Amino acid sequence: RTDSISPVKGAVAPVVTKQTFWRGNSQQWQRPFSSTATRNDDSQGPKGSKQPKEDRPKSELVSKDPAAKPASGGAAVSDATAKGAEGGQAKSERPQPVRKTPEERAAEKKAETAAQLAKLMADLEAMNPDNIFEAQRKGERGLPINAYKLTTDADFTDRPRPDPPGQKPGFWAEGQEELGPDEDYYGDDITSHGHGLLEEQRDLREYARMIAWELPLLNQLAKPFELPTAKTPFRFRYTSYLGERHPAANKVVVEFSVSDMPNLTQMQKDKLIKLAGPRYNPDTDCVKMSCEMFDSLPQNKRFLGDTISKLLAEARDGKDTFADVPFDFRHHKPKVRHEFPKEWILTAERKKYLEEKRQKMLKADDERTQNGTLIDGLKIIETSLPSPGAEREPVTMPAQRGKKKLLR
């Protein structure tokens with residue numbers, strides 16, 4: 001066991017030494033023991049009698065060196081023991097705090113208050129905008145204003161960096177030369193919402209200028225309407241939904257008159273009518289067909305053109321004229337159109353007759369008014385119905401149990 005006891009009473013040096021034991025030629029390490037002094041007083045003898053300080057046995061210290069042997073008499077004190085003794089002596093000789101008089105304490109408090117007031121005044125002075133601007137200019141606060149010597153507008157221009165050698169600028173870095181160089185940005189721009197409103201106003205003004213200046217010029221491109229000739233007997237119709245997707249957007253409708261088909265005899269025209277079947281309208285003498293099987297308009301139009309070509313080729317075929325097949329128009333339901341009666345048409349003679357009749361009726365009414373024989377409907381109503389009398393005002397009469405009763 002390794003214990004270090006200071007010669008000063010009550011002072012123990014916390015010295016822990018490593019215990020190393022040698023067994024033959026092998027070295028083994030063991031957990032060190034505590035260096036805390038025992039609670040019992042070593043100065044007491046076996047019978048409890050105190051021994052003098054000079055006769056106390058001194059503790060032996062085991063050296064770290066295994067070859068070292070304890071000194072004769074068992075009185076070997078290490079340097080750590082001496083340092084522990086010095087520390088204990090320093091603790092025992094700690095200086096006592098000096099007591100201050102009331103006058104000294106008041107003076108210290110007054111000086112502390114004055115220092116706080118001076119710091120407060122300095123903080124308020126630093127919050128002055130003029131002082132802040134001057135501190136920024138001098139570089140004492142933040143960055144100095146003229147740290148980079150930016151005084152003119154030319155100093156704020158954005159100088160593009162040169163591209164690395166062997167590297168081409170991208171698509172977005174090419175820019176538009178017709179728009180000129182970019183404007184300088186000074187941090188005073190509006191928000192993106194404001195830019196959106198301005199862009200909307202620009203679009204409206206652009207269309208207004210087109211209406212005012214370019215729309216009248218379209219009159220120069222106008223062409224007079226020309227009736228279709230015999231070379232263009234077909235009329236195709238398309239339907240557009242202004243960019244929106246619709247199932248009927250690819251539908252194509254064609255109409256043609258049987259009598260306008262060239263190089264057809266009457267027998268061939270009759271055969272064409274019979275081949276068209278329910279697609280023929282006997283009132284208008286037109287055949288109407290449509291196609292929407294394909295995804296595009298040209299395909300549907302091409303299909304209709306091929307179908308008409310096959311019908312005309314079959315109608316011109318003289319092997320079978322369909323002369324024994326009667327016409328069947330049961331599919332057509334004629335619309336009833338009512339015509340205005342001729343008797344009701346206002347001719348010049350009838351207008352004159354009606355005007356004379358009105359004049360006679362007005363003259364007869366004037367004569368009856370002068371003679372007093374004209375019946376006035378308002379007067380008959382006033383005299384026939386009883387005149388309403390004056391309404392009696394309700395009188396308030398006291399009632400039982402605190403209720404009031406109105407009597408008329």
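**Exercise 1. Place T284 and describe its surroundings.**

Step 1. T284 sits in the loop between β5 (280–281) and β6 (286–291). Strands here are DSSP runs of E, at least two residues, and helices are runs of H or I, at least four residues; both are numbered from the N terminus.

Step 2. The model is predicted: local features need pLDDT of at least 70, side-chain atom pairs count only at pLDDT 80 or more, and totals for chains, interfaces and linings use all residues. Residues are numbered from 1 along each chain as its sequence is written, and side-chain values use heavy atoms, with hydrogens and water left out.

Step 3. Is T284 buried or exposed? T284 is partly exposed, at 46% relative accessibility. Buried means under 20% relative accessible area, exposed over 50%, partly exposed in between (1.4 Å probe, protein chains only).

Step 4. The side chains of T284 and N281 make a polar contact of 3.3 Å. Such a contact is a pair of N or O atoms within 3.5 Å; within protein, one must be able to donate a hydrogen and the other to accept it, and residues adjacent in sequence count only if both atoms are side-chain atoms.

**Exercise 2. Do the same for N250.**

Step 1. N250 lies in the loop between β3 (235–238) and β4 (252–257).

Step 2. Its relative accessible area is 14%, so N250 is buried.

Step 3. The N250 side chain reaches the backbone oxygen of F294 at 2.5 Å.

**Exercise 3. Decide how open helix α8 is.**

Step 1. Helix α8 covers residues 377–384.

Step 2. Of its 8 residues, 0 are buried, so α8 lies largely in the open.
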